[in-house]
Amino acid sequence: MLTFLRENSAWLAAGFLLTLSSSFGQTFFISIFAGEIRAEFGLSHGAWGAMYSLGTLASAIVMVWAGTLTDRFRVRELALVILPLFALACLAMAVVPGAWALPFVIFALRLAGQGMTIHIAIVAMGRWFVATRGKALSVATLGITLGESLLPLLFVALLSVFAWRGLWVLAAGVLLLIIPILLHLLRHERTPQAESTMNSAPGMDGRYWTRSEVLHSWLFWCMVPMLLGPSSFNTALFFHQVHLAELKGISHLSLVALFPLYTAVSIGSMMLTGIAVDRVGTARLLPFLLLPIAGGFAVIGSTGGIIGIAVGMALVGVTSGANSTVPNAFWAEFFGTRHLGSIKAMASAVMVFGSAVGPVLTGQLIDFGIGFETQMILITGYFVLAAALVAYAMRKAAPRLSTPGQIDVVGT
């Protein structure tokens with residue numbers, strides 16, 4: 001592992017910085033300011049959730065097209081465009097004039113952050129690495145888990161000292177500082193075109209699947225509930241963190257203090273599943289992906305103490321970590337890497353769509369008197385059913401896999 005890290009440090013560090021940068025467009029960061037935004041603009045849980053979901057849904061639609069750009073342009077070229085736009089989106093949140101503008105700002109934050117910044121990193125890892133794809137994805141996506149652990153705790157503490165709008169200016173500044181570091185790391189980089197023609201790895205039946213073929217495959221649609229579940233309801237869990245703290249009778253700071261535990265478990269799960277992907281493939285791991293999060297939601301929904309919440313968050317963290325590696329490796333393993341950018345763009349759009357549905361659905365149910373704790377029990381059942389569907393799909397599809405090649409990143 002140390003040799004792998006040393007030999008590929010520049011590319012792995014670039015992936016890590018991109019996923020870390022995405023934090024400012026992730027729900028766990030935006031929702032830190034939910035109380036301040038709702039209070040300033042007089043929004044209910046449902047109204048704020050609807051605005052958030054509208055912007056997120058629009059970003060999912062645009063991702064279907066924008067994600068294909070990773071098949072045409074270098075990572076550093078895309079980053080030089082996306083990150084400055086991301087910083088502008090943060091500045092727009094800092095000066096947002098009224099509730100009418102929130103969906104537009106959310107759209108920009110979600111497209112640049114949860115959408116393109118992560119997509120660029122994940123596609124790069126999937127394309128540059130094959131024999132060690134799982135480990136590469138694990139290392140690169142550590143940026144997300146580090147952001148989930150540190151940024152909520154840091155910015156909730158800063159909210160007691162600074163105005164919420166000023167903290168968005170700080171976020172924009174951090175993004176601008178990351179750009180020159182990223183460009184330095186990627187001064188030697190493979191092009192997508194060279195990768196496609198020289199080092200592509202095939203998927204099922206020894207084929208290089210196109211996006212159209214994937215969309216017409218029954219396997220893709222069996223995966224959709226699995227893609228939607230964590231993105232919808234993990235997003236909802238973080239989105240309603242202020243409300244959840246109120247329900248459980250604890251302070252917001254006490255709740256976010258549990259996030260490092262969630263992150264530590266997530267990192268451990270991410271690293272272990274990354275290694276497991278390289279050794280046994282994704283087909284054996286995917287059926288178990290949703291079971292820990294199902295248990296986590298059941299525990300959080302049915303317990304009231306801080307210890308119960310901690311156990312539930314740890315279980316959610318197991319799936320969150322594995323979700324960073326196993327599904328992302330699945331697309332390359334089952335459908336090949338030649339058209340990975342456009343295929344992954346569809347998967348990313350589904351997940352972004354899920355993150356749009358989760359907050360508005362749960363927020364409206366809260367407004368209608370169906371408590372978030374009750375919803376968690378129903379969500380548990382959804383996860384179990386989705387896991388059963390994935391198990392069936394893997395049993396049918398796995399025999400069609402080819403033996404993967406041994407391709408690793410080489411700079412040109």
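These are my notebook entries on one pocket and on the aromatic rings of this structure.

**Ground rules.** I am working with a predicted model, where local features need pLDDT of at least 70, side-chain atom pairs count only at pLDDT 80 or more, and totals for chains, interfaces and linings use all residues. Residues are numbered from 1 along each chain as its sequence is written, and side-chain values use heavy atoms, with hydrogens and water left out.

**Entry one: a pocket.** I looked up the second largest pocket (an open set of points on a 1 Å grid over the protein atoms alone, where a 1.4 Å probe fits, with protein on both sides within 12 Å along at least five of seven lines). Its lining has 13 residues, and Ile-82, Leu-85, Leu-111, Ala-112 and Met-116 lie nearest the centre; lining residues have an atom within 4 Å of a point. I noted that H6 gives the largest share of this lining, 6 residues.

**Entry two: aromatic rings.** I found 20 aromatic pairs in the structure. Phe-330 and Trp-331 form an edge-to-face pair, because their ring centres are 4.9 Å apart and their planes stand at 75 degrees (rings of Phe, Tyr and Trp, the last by its six-membered ring, pair with centres within 6.5 Å, and planes over 60 degrees apart count as edge-to-face). Phe-330 is buried at 1% relative accessibility, and Trp-331 is buried with a relative accessible area of 1% (buried means under 20%, with a 1.4 Å probe and protein chains only). I also saw both in a cluster linked by ring pairs, with Trp-209, Phe-220, Trp-221, Phe-334 and Phe-335.

Terms used. Helices (H or I, at least four residues) and strands (E, at least two) are DSSP runs, numbered from the N terminus. Rings of Phe, Tyr and Trp (its six-membered ring) pair if their centres lie within 6.5 Å; planes under 30 degrees apart count as stacked, over 60 as edge-to-face and the rest as tilted. Buried means under 20% relative accessible area, exposed over 50%, partly exposed in between (1.4 Å probe, protein chains only).
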